Amino acid sequence: MILSRTKPAGGGESPASISDKKKNKTKVPSLEEYLQQRDYLGALTLLEFKRSLGQKEEHTDLWIGYCAFHLGDYKRAMEEYKSLTKKPDCPAQVWVYLACALFFLGFYKEAEDAASNAPVSPLQNRLLFHLAHKFNDEKKLMGFHQNLEDVTEDQLSLASIHYMRSHYQEAIDVYKRLLLQNREFLALKVYVALCYYKLDYYDVSQEVLAVYLQSMSDSTIALNLKACNHFRLYNGRAAEAELKNLIDISSCSFEFAKELIRHNLVVFRGGEGALQVLPPLIDVIPEARLNLVIYYLRQDDVQEAYNLIQDLVPTTPQEYILKGVVNAALGQEIGSRDHLKIAQQFFQLVGGSASECDTIPGRQCMASCFFLLKQFEDVLIYLNSVKGYFYNDDAFNFNYAQAKAALGNYKEAEEVFLLIQSDKIKNDYVYLSWLARCYIMNQKSRLAWELYLKMGTSSDSFSLLLLIANDCYKMGQFFYAAKAFDALEKLDPDSNYWEGKRGACVGVFQLILANKESKEKLKEVVPLLLNSGNPQVEYIVRVLRKWAKENRVLLS
């Protein structure tokens with residue numbers, strides 16, 4: 001990896017011949033020129049062409065491995081380095097180059113074995129430092145950490161470990177210090193922008209990134225990050241438009257860029273093509289597994305989401321949150337208190353952590369934790385602190401309205417429920433039942449009854465009917481209580497719904513006598529009573545008809 005680029009690639013040419021070649025505009029660029037331009041495909045093509053002609057130069061095989069590695073073709077790099085290790089005159093440092101290729105292929109144990117064959121060097125220490133992180137070996141990690149020196153490469157390695165351990169501010173501090181010492185290291189701005197992105201400072205990330213893109217407008221990582229910022233700041237369409245710039249300029253040789261583009265396009269398009277694109281990328285791009293889990297959740301395939309994430313050991317707030325969401329969804333679906341308890345613990349862990357407690361996701365986690373514990377006053381404390389960011393978010397409004405209603409704030413809850421636009425949520429029984437209850441508690445029973453009439457026959461419609469009957473009766477809105485109990489009695493004649501209907505019908509009559517209900521309602525109450533075969537009907541109807549006759553109220 002650390003090969004001299006100052007050695008002339010052309011071998012023993014005289015200054016005169018070099019001068020002549022410079023005058024020739026059609027000359028083939030030298031290896032050094034390709035490398036300076038970061039044209040690793042051109043360099044690799046030149047090296048392979050010369051090797052095929054038998055014009056091998058010093059370190060040709062090493063340079064081929066180097067170019068393949070920088071193209072993201074780690075398998076090819078691994079093969080080149082492996083073949084070199086079998087030669088008797090193989091340089092000892094090739095083992096660490098091989099270890100680096102194996103590391104990027106995900107063969108961590110093999111990478112560790114290869115690195116152990118290499119001589120002690122700063123590169124070997126950095127690689128073992130990263131392997132210790134992958135193996136979650138804190139003791140080894142700290143040992144290799146102590147071997148790091150105050151040089152650029154080691155400090156960059158340290159910053160990357162900070163980044164992967166979600167210590168983004170510490171990583172930023174390292175990068176900024178390096179930038180002060182080396183202002184020409186513009187690529188560090190991309191790393192800083194990545195950290196700000198992870199901290200949810202998308203606008204700051206974009207500002208830092210713009211400086212780098214002025215100099216390197218074709219950077220794959222930078223353009224991809226810009227697209228991700230647009231996704232967070234605006235929407236998927238804006239992000240896809242930015243990603244198109246990357247697609248247009250991306251070299252066909254950048255396999256890692258292709259995978260990244262395909263992955264992010266799925267996210268930007270709301271999950272379109274997820275089942276075709278994401279499964280092969282699960283062990284390539286860390287976020288692929290998480291995004292596939294999210295896709296399954298959106299498709300209501302909670303069990304599949306759980307199967308995919310159950311063995312994942314969470315290390316980042318996002319992984320803890322997603323595991324919590326999946327366990328909460330599964331717990332509610334199958335009625336498992338154990339899964340709900342696990343979800344509550346995950347949410348509390350994130351929301352109570354020093355790094356996340358004052359972030360929006362952190363506060364949402366605490367709200368979710370208290371929601372599962374049914375401590376709705378605490379839920380509202382946290383949701384109120386972030387509601388300004390979620391005015392048009394249906395999922396947020398759904399939870400916010402439920403918390404309001406659970407505390408008896410039915411007027412405000414109704415207003416929030418009606419802000420929801422998602423048809424999926426609006427057809428959910430939880431939504432319908434809570435909205436119906438809010439209507440009834442806000443003296444709008446007719447609207448609750450209309451919700452029932454729009455539902456098809458199902459167990460949910462029966463449950464809603466039962467809720468309307470009981471809540472209307474409790475709130476003294478006897479007319480719709482009578483209609484609901486009548487419908488329930490028709491569905492189950494052998495039950496005691498007659499008693500509820502009888503009380504509701506008498507309640508309507510009482511309201512009429514107190515001038516709190518229209519006399520015309522009596523015309524609808526009598527047929528409801530006559531629908532029952534109970535012997536008490538005749539007496540009640542006779543009383544109602546006698547009063548109607550005396551007060552000149554037509555019942556037919």
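Let us start at a pair of charged residues: glutamate 80 and arginine 76 are both buried. The structure you are looking at is a predicted model, and this pair is a good place to enter it. The two residues form a salt bridge, with their closest N and O atoms 3.3 Å apart. Both belong to helix H5, and because they are four residues apart there, about one helical turn separates them.

Glutamate 80 has another partner as well. A salt bridge also connects glutamate 80 to arginine 51, and here the closest N and O atoms are 3.2 Å apart. This pair links distant parts of the chain: glutamate 80 sits in helix H5 (residues 74–85) and arginine 51 in helix H3 (residues 40–52), with their positions 29 residues apart in sequence. How buried or exposed are the two partners? Glutamate 80 has a relative accessible area of 8%, so it counts as buried. Arginine 51, at 27% relative accessibility, is partly exposed.

Now move along the chain to another charged pair. Glutamate 520 and lysine 523 form a salt bridge whose closest N and O atoms are 3.9 Å apart. Glutamate 520 is partly exposed, with a relative accessible area of 48%, and lysine 523 is partly exposed too, at 34%. Back around glutamate 80, salt bridges that share partners join Glu48, Arg51, Asp61, Arg76, Glu80 and Lys87 into one network. For the model as a whole, the count comes to 25 salt bridges.

Aromatic rings are the next thing to look for. The model holds 27 aromatic pairs. One aromatic cluster is formed by Phe69, Tyr74, Phe103, Phe104 and Tyr108, so you may like to pick out these five residues in the viewer. Rings also meet charges in this structure. The charged end of arginine 437 sits over the ring of tryptophan 434, 6.0 Å from the ring's centre. Lysine 521, in turn, lies over the face of phenylalanine 479, at 5.0 Å from the ring centre.

Next, turn to the backbone. Most residues other than glycine have a negative phi. Which way does asparagine 136 go, positive or negative? Its phi is positive, about 55°, although asparagine 136 is not a glycine. You will find asparagine 136 in the loop between helix H8 (122–134) and helix H9 (138–147), and at 58% relative accessibility it counts as exposed. Serine 166 is another residue with a positive phi, about 65°, and it is not a glycine either. The loop that holds serine 166 runs between helix H10 (152–164) and helix H11 (168–181). With a relative accessibility of 16%, serine 166 counts as buried.

Finally, how confident is the prediction? The protein chain averages a pLDDT of 89, and 93% of the residues score at least 70. Among the helices, where is confidence lowest and where is it highest? The lowest mean, 47, belongs to helix H1 (residues 15–23), while helix H25 (residues 410–417) has the highest, at 97. Over residues 1–19, pLDDT stays under 50, and the model has 24 contacts beyond four places in sequence for this stretch. Where pLDDT is low, the predicted coordinates should not be read in detail.

Notes. Residues numbered from 1 in each chain as written. Predicted model: local features only at pLDDT ≥ 70, side-chain atom pairs only at ≥ 80, totals over all residues. Heavy atoms only, no water. Phe/Tyr/Trp six-rings, centres within 6.5 Å; stacked < 30°, edge-to-face > 60°. Lys NZ or Arg CZ within 6 Å of the ring centre and 35° of its normal. pLDDT = per-residue confidence, 0-100. Helix = DSSP H or I, 4+ residues; strand = E, 2+ residues; numbered from the N terminus. Contact = heavy atoms within 4.5 Å. Salt bridge = Lys/Arg side-chain N within 4 Å of Asp/Glu carboxyl O. Buried < 20%, exposed > 50% of the residue type's maximum accessible area, 1.4 Å probe, protein only.
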